[in-house]
Each structure stands twice: as C-alpha cells, then as structure tokens.
Amino acid sequence: MEKTSQNILKKIEDLKKEIKILKEDNAKTKRNLMWKVRKLEKDKLLVENEKMRLDREVKSLRGEIERFRSPPLVIATVTEVLDEGKVVVKSSTGPHFVIGYSRFLDEKSLEPGARVALNQQTFSIVSVLPSEKDPLVTGMEVEEKPDVSYVQIGGLEEQIVEIKETVELPLKKPELFKEIGIEPPKGVLLYGPPGTGKTLLAKAVAHETNATFIKIVASEFVKKYIGEGARLVRGVFELAKEKAPSIIFIDEIDAIAAKRLKSSTSGDREVQRTLMQLLAEMDGFEGRGDVGIVAATNRPDILDPALLRPGRFDRFIEVPIPNEDGRRQILKIHTKNMNLEEDVDIDLVSNLSEGASGADLKAICTEAGMFAIREERPIVVMNDFLDAVDKIIGMERDEEIRKETGVMYG
Ligand SMILES: Nc1ncnc2c1ncn2[C@@H]1O[C@H](COP(=O)(O)OP(=O)(O)OP(=O)(O)O)[C@@H](O)[C@H]1O
C-alpha cells in the first residue's frame, strides 16, 4: 500500500516536472512567434512604403509621358478682354482669335498685352506666360533711393562738385535751366580705373535727389540677352521715365560702345543694334532733367565718338586712383565703425598703400578686421593693417605681373 502511494507521488512529481518543461518550451515558442510577427509587420510596412513610392514614380512617369505626347502650345498675346470668359488674342503665327480660357486661370493676369500659351487644337488658353519684361527686370538693379551719401565717398571732392552741377542740379532745379534757356546736360561719362568709386558717385546723386537708381551692366546686357539688347535699352528708358526722378547708370559702357570695327560678326551686329538704340533713346529724350544718365568706363579711349557728341555723353568726369590724402580719407570712412587699437596709424597705412583703389582700401580694412577675428581679438591692431596691406597690395602686384608676363605666381 505504502509502495503504491510512493509510486503515485513520484508520478505526480514527474508530471509536475514535465509540465514545467512544457511551460518553459511554450513561453520560448511564444516569444519566438511574437518576434517573428513583429518582424513580419516591419517587413509589411517596408513593402507598403516601397509600393507607395513606386506608385508615385509610376504616376510621375505617366505625367512625363503625357507631357511628351501633348502637342506644343501656341504663343499668343491678349489684345482685348471680352465678357463671359472670352478674350481676343493675336497668335504668334498671325491670325486673331476669340477664345475661352480655363476657369483655373487668374482672370486678373489676362489683361491686354499679357502673353499666353494656347492649346494647339482647342485654342483655349492653357497658361499665362511670364511677362516679356522679365529679362529686363533681372538684367538690371533698381534701388528706390540708394543709401549712399557724399560723406561716404573719400578723396573725390572735385568730382562731387562736377556731378552735382551736371546731374544733381538738373534733377533738383530744372527750372533754372529753363529760365536761362539752355538744355541741361544729358549724359555724364565717368571714367577711371576699376573700384575708384564711379558707382558710388552715381548712387550718391540718386540718394541726394531722392531718385530711383537704375543700374545696368552693358557687358552683361549683350552677353546674357542675345538679340534682346536693343529692346532692353528701350525698356530701361521707359522704366526710368515711369519712375522719374531717376538716374540710369550704365556700367562698362565700352562693352556696347566700342569704336566700330570693320569685322561684322553676328555678335558685333547685336552690339551695334544695342548702341544704336541707346543713341536713339538719348536723342529722343527731352531735356526735362528728371532722368539723369550716367555711364562709367575704364576704357574711354576705345569709345565710339558718336556716343560722345553734344547732346549725348558730352560731360566727362575723371575718377582717378586716389592720392595719399584721398587714401587717408577713404581709410577713415571704412574704419569709422571699426574697433581700433590706439596704435593704428591711418597715415602710415595710406602711405604704404600707394596705388590702391577705393575698393582695395576697403578690402584692406576688411582684411585687417579678419586678422583680428582669426586671433579672437575684439580689437584691430596696427599689425593687422600691415598684414592686410601686404596681402591686398601683394595680390594686386602679383596680378599685375601675371597680366604683364602671363606667368602665374603663388
Ligand atoms: N572714393 C571712395 N570712397 C569710399 N569708398 C570707395 C571709394 N571708391 C571705392 N570705394 C569702395 O569700393 C567699392 C567699389 O567701388 P565702386 O563700385 O564705386 O567702384 P567703380 O569705380 O564703380 O568700380 P567698377 O569700375 O569696378 O564698377 C565701393 O562700394 C566702396 O566701398
């Protein structure tokens, strides 16, 4: 009897052990299964994302195919806006059409003169194109009232007097010229090496007369907007009249006004057309004095004499490299807001920087400041200026030698 009960107890013990092992196995399998489920869910998410990405790609490729399949659009100009969503357009191929336009288009942009694109088959307006004036806008710099005043220009006292007389006075007091019965000067040519303050002078006049400053760089005009030069010149003068009082500043005018060469490539002809338009604009200009024209060049010797005739650019102001006194004044202007150690001797810096232009002197000041910043000093010392002079003037000399000899140094 006792043996039987012992047997039973042992069996129970074995069964308990077996249950424990099974439980442990079960927990392990469950853990494994859960881990597998999580991994599968992750994979599913990845696949779903990939599917979404591929769907998007298919859609964009379909759009691309559609674009390739669609016929080219016809360019037209709106000539009249009618009622009930209709407009009259003149297509670039010639004929006029009365057509409808998509309700998604901004009606306000559909004014006479607007350029539009038409569907070739239905002739309805598909989109309004950017105005043709766009290259004009990007081809020039327009500043309502530049913040440069005469006190920010050093060493050019005589030039300031001259520019006041020739550009500022006609803008400020046109009646003076009327009373006396003479035409105010139309165009003033500033000539001299690069970086001597020609742009500054023109900006300062605009500032003084509350005029809009319109700057174009002639070389960019003919390079960037091939075939557009003449039209752009016309546009610039129109804008100047619209915004009067204004100053048109034509930088690097030699690029469109060099003496006529015998060779006649298409590029030359383009430059010629641009110059002709400029001359025509100047000739057609009434001497009202509310638009001043200032041009700048560092090659006055190559200019076409037609440009320099009376009634065109007939006043010349030389803007030379500053002398020692001029350099001192320019250095004072550019160090005005700098934190300088007492040992900084501006006289000595100007003495050492012979031959430097205004732009070089500004670069010397900036460079001196950079030397201080590099050494984490809040104050600029004389040594910084000496290093800066070495660097900037040294670079200039290297450049000169390189130009003369064609050999690269350093
Ligand atoms: N006389 C000056 N007085 C003060 N700063 C000057 C002077 N000349 C030049 N600078 C400095 O150099 C910078 C370049 O000068 P600016 O553009 O007026 O020269 P520029 O003669 O028109 O040159 P470029 O012929 O290269 O167009 C100016 O912004 C100014 O900081």
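1. Is Phe213 buried or exposed? In this predicted model, Phe213 is buried, since its relative accessible area is 0%, which falls below the limit of 20% under which a residue counts as buried. Phe249 is likewise counted as buried, at 0% relative accessibility.

2. These two residues belong together, for the structure holds one aromatic pair, and the rings of Phe213 and Phe249 form a stacked pair because their planes stand at 25°, with the ring centres 5.9 Å apart. The pair links distant parts of the chain, with Phe213 in strand β8 (residues 212-217) and Phe249 in strand β9, 36 residues apart.

3. Another ring to look at is that of Phe371, over which the charged end of Arg374 sits, at 5.1 Å from the ring centre.

4. Helix α3, which covers residues 157-172, deserves a careful look along its axis, as there is a kink of about 40° in this helix, centred on Lys164. The buried residues of α3 are Gln159, Ile160, Ile163, Thr166, Val167, Glu168, Pro170 and Leu171. The elements against which these buried residues pack include the helices α4 (174-180) and α5 (198-208), and also the strands β7 (187-191), β9 (246-251), β10 (291-297) and β11 (313-318). Strand β9 therefore appears in two settings, as a packing partner of α3 and as the strand that holds Phe249 of the stacked pair.

5. For "binding site", the UniProt record, an unreviewed entry, lists Gly195, Thr196, Gly197, Lys198, Thr199, Leu200 and His334. In the model, the lining of the largest pocket takes in Gly195, Thr196, Gly197, Lys198, Thr199, Leu200 and His334 from this set.

6. Two of the listed residues can be followed further, beginning with Gly195, which lies in the loop between β7 and α5. Gly195 counts as partly exposed because its relative accessibility is 32%, a value between the limits of 20% and 50%. Not counting residues up to four places away in sequence, Gly195 touches Ser357, Gly358 and Ala359.

7. Thr196 also lies in the loop between β7 and α5, yet Thr196 is buried, because its relative accessible area is 8%. When its neighbours within four places in sequence are left aside, Thr196 is in contact with Leu156, Val319, Pro320, Ile321, Ser357 and Gly358. Ser357 and Gly358 are thus contacts of Thr196 and are touched by Gly195 as well.

Notes
Residues numbered from 1 in each chain as written. Predicted model: local features only at pLDDT ≥ 70, side-chain atom pairs only at ≥ 80, totals over all residues. Heavy atoms only, no water. Bend = angle between axes of the 7 residues up to and from the residue. Helix = DSSP H or I, 4+ residues; strand = E, 2+ residues; numbered from the N terminus. Buried < 20%, exposed > 50% of the residue type's maximum accessible area, 1.4 Å probe, protein only. Contact = heavy atoms within 4.5 Å. UniProt positions renumbered as here; feature names shortened; annotations may be inferred. 1 Å grid on protein atoms, 1.4 Å probe; cavity = no way out; pocket = protein on both sides within 12 Å on 5 of 7 lines; lining within 4 Å. Phe/Tyr/Trp six-rings, centres within 6.5 Å; stacked < 30°, edge-to-face > 60°. Lys NZ or Arg CZ within 6 Å of the ring centre and 35° of its normal.
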